[in-house]
Amino acid sequence: MNKGLIIAGGIGLFLLLILMNGCSAYNSMVEKNEDVTGKWQQVETQYQRRMDLIPNIVKTVEAYAKFEKSTLVEITNARASATSIKIDPSKLDAQSIANFEKAQGAITGALSRLLVTFEKYPDLKANQNFMALMTELEGTENRIAEARRDFNLAAQGYNTYIKKFPSNLWAGMFNFEPRGYFE
């Protein structure tokens with residue numbers, strides 16, 4: 001009888017430890033997943049900040065560069081394309097992030113061509129409004145780079161955690177999927 005109680009107690013203790021480990025792992029995965037989602041929202045916020053600057057930059061440049069329409073149209077089209085891409089934070093896989101990055105890259109390229117065009121117009125270079133917008137754009141680009149770095153670090157921490165043993169067992173059981181990265 002004593003032997004049976006000891007074995008039952010040992011099994012009960014073992015099961016309790018497994019349950020506690022599962023609860024702890026699940027809570028950690030939820031926490032890390034939410035951190036990745038929060039970092040993604042920061043990335044989106046910074047990209048939206050850049051999107052909001054573009055119409056002001058285009059208006060300012062239009063006043064000085066009437067015949068550079070193709071560059072301005074390219075920026076406007078790239079902005080429209082990039083704003084149409086929406087990613088569900090729960091599905092941040094590599095392909096979704098690559099599509100997002102491609103659309104944002106089109107804007108970066110168009111803005112680069114605009115800056116080359118801007119060098120042709122000394123009056124535009126002297127415009128205080130335009131210079132303030134360029135300074136704000138530069139700051140926004142720095143914020144984007146930092147938000148992307150923070151996102152990648154959070155995604156890396158999450159992905160590492162769900163791939164380690166025994167967390168990988170719980171991750172598979174509760175459908176925690178790896179997250180993609182920015183290149």
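Reader: Why does Phe-174 count as partly exposed?

Author: Happy to explain: its relative accessibility is 37%, and the scheme calls residues buried under 20% relative accessible area, exposed over 50% and partly exposed in between (1.4 Å probe, protein chains only). Phe-174 therefore falls in the middle class. Please note that this is a predicted model, where local features need pLDDT of at least 70, side-chain atom pairs count only at pLDDT 80 or more, and totals for chains, interfaces and linings use all residues. Residues are numbered from 1 along each chain as its sequence is written, and side-chain values use heavy atoms, with hydrogens and water left out.

Reader: What makes Trp-40 and Phe-182 a stacked pair?

Author: A search of the whole structure finds 9 aromatic pairs. For Trp-40 and Phe-182, the centres are 5.8 Å apart and the planes differ by 15 degrees. Rings of Phe, Tyr and Trp (its six-membered ring) pair if their centres lie within 6.5 Å; planes under 30 degrees apart count as stacked, over 60 as edge-to-face and the rest as tilted. So this pair meets the stacked rule. Trp-40 lies in helix α1 and Phe-182 in the segment after α6, so the pair ties together parts 142 residues apart in sequence. Helices here are DSSP runs (H or I, at least four residues), numbered from the N terminus.

Reader: How do you know that Trp-170 and Phe-174 are stacked?

Author: Their ring centres are 6.3 Å apart and their planes are at 15 degrees, so the pair is stacked.

Reader: Why are Trp-40 and Phe-182 called buried?

Author: Trp-40 has a relative accessible area of 0% and Phe-182 one of 5%, so both count as buried. Ring pairs also link these two with Tyr-47, Phe-100 and Phe-151 into a cluster.

Reader: Why is Ser-167 called buried, and what is it in contact with?

Author: Ser-167, in helix α6, has 7% relative accessibility and therefore counts as buried. Leaving aside neighbours within four places in sequence, Ser-167 is in contact (heavy atoms within 4.5 Å) with Ala-25, Met-29, Tyr-161 and Ile-162.

Reader: Why does Asn-175 count as exposed?

Author: Its relative accessibility is 60%, so Asn-175 counts as exposed. Asn-175 also has a positive phi of about 60 degrees although it is not a glycine. Most residues other than glycine have a negative phi.

Reader: What makes Arg-179 lie over the face of Tyr-158?

Author: Arg-179 is at 5.7 Å from the ring centre. The rule asks for NZ of Lys or CZ of Arg within 6 Å of the ring centre and within 35 degrees of the ring normal.

How values were computed:
Helices (H or I, at least four residues) and strands (E, at least two) are DSSP runs, numbered from the N terminus.
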